[in-house]
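Q: I'm new to this one. Can we go through the labels and what stands behind them?

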Amino acid sequence: MKLVSKFALALSLVAVSAAPAAFAQSNEKPKKEKKGQEAAAAPKRNYSKPFIAAYMPVSNLLNKTKDAAAAKLEFPKVVAAISNDDDRYEAGILAINIGAPLKDLAFQEQGIDLLIASASTPADLKKEYTFRKGAIAYDGKRFADAEKHMIDAYNLGHRGNNIEFLISNAMSQQNKDADAVTWISKAIDASKAAGSVNKTYIVRAAMLSAKAKNYAGAANFYKDLIIAENNPDYWHDALAFFDRSRDFNPEETLDIMRLMRATDGIRFQQEYAAYLDSLSYIGVRYPSEAVSVLDEGFAKGLISRNNVTFSERYNEAKARLAEDTRTLSGTIAPAKASPKGMLASLTGDSFFSHKDYKTAKELYESALSKSPVLDRDGGDQTDRTRFRLAMSKTMLGDYAGAKADFNMITGANRKAIAEYWVAFINHRANAAATPVVAAPVS
């Protein structure tokens, strides 16, 4: 009995090894067995005599002689003497502590396997060592093993060390992107529960969704970002993914591109081309807006005047601009007098493109007073008209009125687009006391 007592005391003085790199960032500390009064409360162990005889010389090599390499060489004798779960548990602790000064993760992993296999390992330690095994596999780029053991640890209750994020990355490394999105979503939920949204996780989730060609999912993740922060880069990515997530007609695409411009989110020449296409899909409409958009792109260096497509379309719009401007004012009275709302709606579009949001608002309201607003083919354009009334109110600073109109939109596509405009309104309303940095829509 006296020998067992000394043996247990020797074990209590052995420190558990350091964590591998995958979770070194954590503040969590490995469990140590306690000495003194706390040791008395530890579970009573039933070590076999052959195991004690094999264990003590190896423990002394590590703790007294400080020769971890020699202890490693002798350790197989300890394993060979294991005859019960208590033996297996203590052998595992010893292997981990031998491997620590040697920086031998493979040897530590052998010890972890012994701990996981032992029924004597306390449940809280078993979940931590299961995670350790996954972390060692992760550091060794054995991602299938990392995934398995980290999920096992998670199911045992481990919630530290950014485990959800690591599981997601392990899955992504195996091209299991849909599963990776599920786990990065768990990481996002965990960060929200902790009181803050981890933006890195959300960006990662969007990228994984896009890789899996789930553009609607990517857009939804970015929507969280733009709601939280009025960041032009976030706006670009949110709207770019959103545009790819549905089939939009040119009029709908135009109002997405207008929002991308209003948030200073346009980044690439293909987006300027898409903007122009939505402005001119039935000839050169809205020359004022086309000239203004291209001037901005040229000034920012995002598009070049040497590009034949842009230079030709710029010259074409510029040639139409003077006549369009000259005749614009004369279109108001006939539009308001028409018994059909569509003329007033289309005329409102022209004034919106000239940044005369006040007149555009009046014309859209006139059109809606004659609703339903029907085009020449009998198509109902009431949603489009109300949407652009809301846009006009947004640009005039009538945020409450704009949100009320956006909330009345019924069509699926425009209802979805309206959610992004409402997010934009909320940022504008919150920053009402300061100058608006984003360029106004034209």
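A: Sure. A nonpolar core is a set of buried Ala, Val, Leu, Ile, Met, Phe, Trp, Tyr and Cys residues joined through side-chain atoms within 4.5 Å. Buried means under 20% relative accessible area, exposed over 50%, and partly exposed in between, with a 1.4 Å probe and protein chains only. The model is predicted, so local features need pLDDT of at least 70 and side-chain atom pairs 80 or more, while totals for chains, interfaces and linings use all residues. Residues are numbered from 1 along each chain as its sequence is written, and side-chain values use heavy atoms, leaving out hydrogens and water.

Q: Which residues have the most contacts inside the largest nonpolar core?
A: F406, Y420 and W421, in a core of 95 residues. Its largest share, 9 residues, comes from helix α23 (residues 412-430); helices here are DSSP runs of H or I, at least four residues, numbered from the N terminus. Another core, of 20 residues, lies apart from it, with I52, L62, V78 and A81 among them.

Q: What makes F406 count as buried?
A: Its relative accessibility is 2%, and the cut-off is under 20%, so the label fits.

Q: What does F406 touch?
A: Leaving aside residues up to four places away in sequence, F406 touches F387, A390, M391, T394, A418, W421, V422 and I425. Contact means heavy atoms within 4.5 Å.

Q: Why are F298 and Y314 called an edge-to-face pair?
A: Rings of Phe, Tyr and Trp (its six-membered ring) pair if their centres lie within 6.5 Å; planes under 30 degrees apart are stacked, over 60 edge-to-face, and the rest tilted. F298 and Y314 are 5.6 Å apart centre to centre, with 70° between the planes, so they meet both conditions. F298 is in helix α16 (residues 287-300) and Y314 in helix α17 (residues 308-328), so the pair ties together parts 16 residues apart in sequence.

Q: What about F387 and F406: how do you know that they pair edge-to-face?
A: Same test: 5.0 Å centre to centre and 70° between the planes, so they pass. F387 is buried too, at 0% relative accessible area. W235, F387, F406, W421 and F424 form one aromatic cluster.

Q: How do you know that the charged end of K186 sits over the ring of W183?
A: The rule wants NZ of Lys or CZ of Arg within 6 Å of the ring centre and within 35 degrees of the ring normal. The charged end of K186 is 5.1 Å from the centre of the W183 ring, so the distance fits. R258 likewise lies over the face of Y286, 5.9 Å from the ring centre.

Methods: Helices (H or I, at least four residues) and strands (E, at least two) are DSSP runs, numbered from the N terminus.
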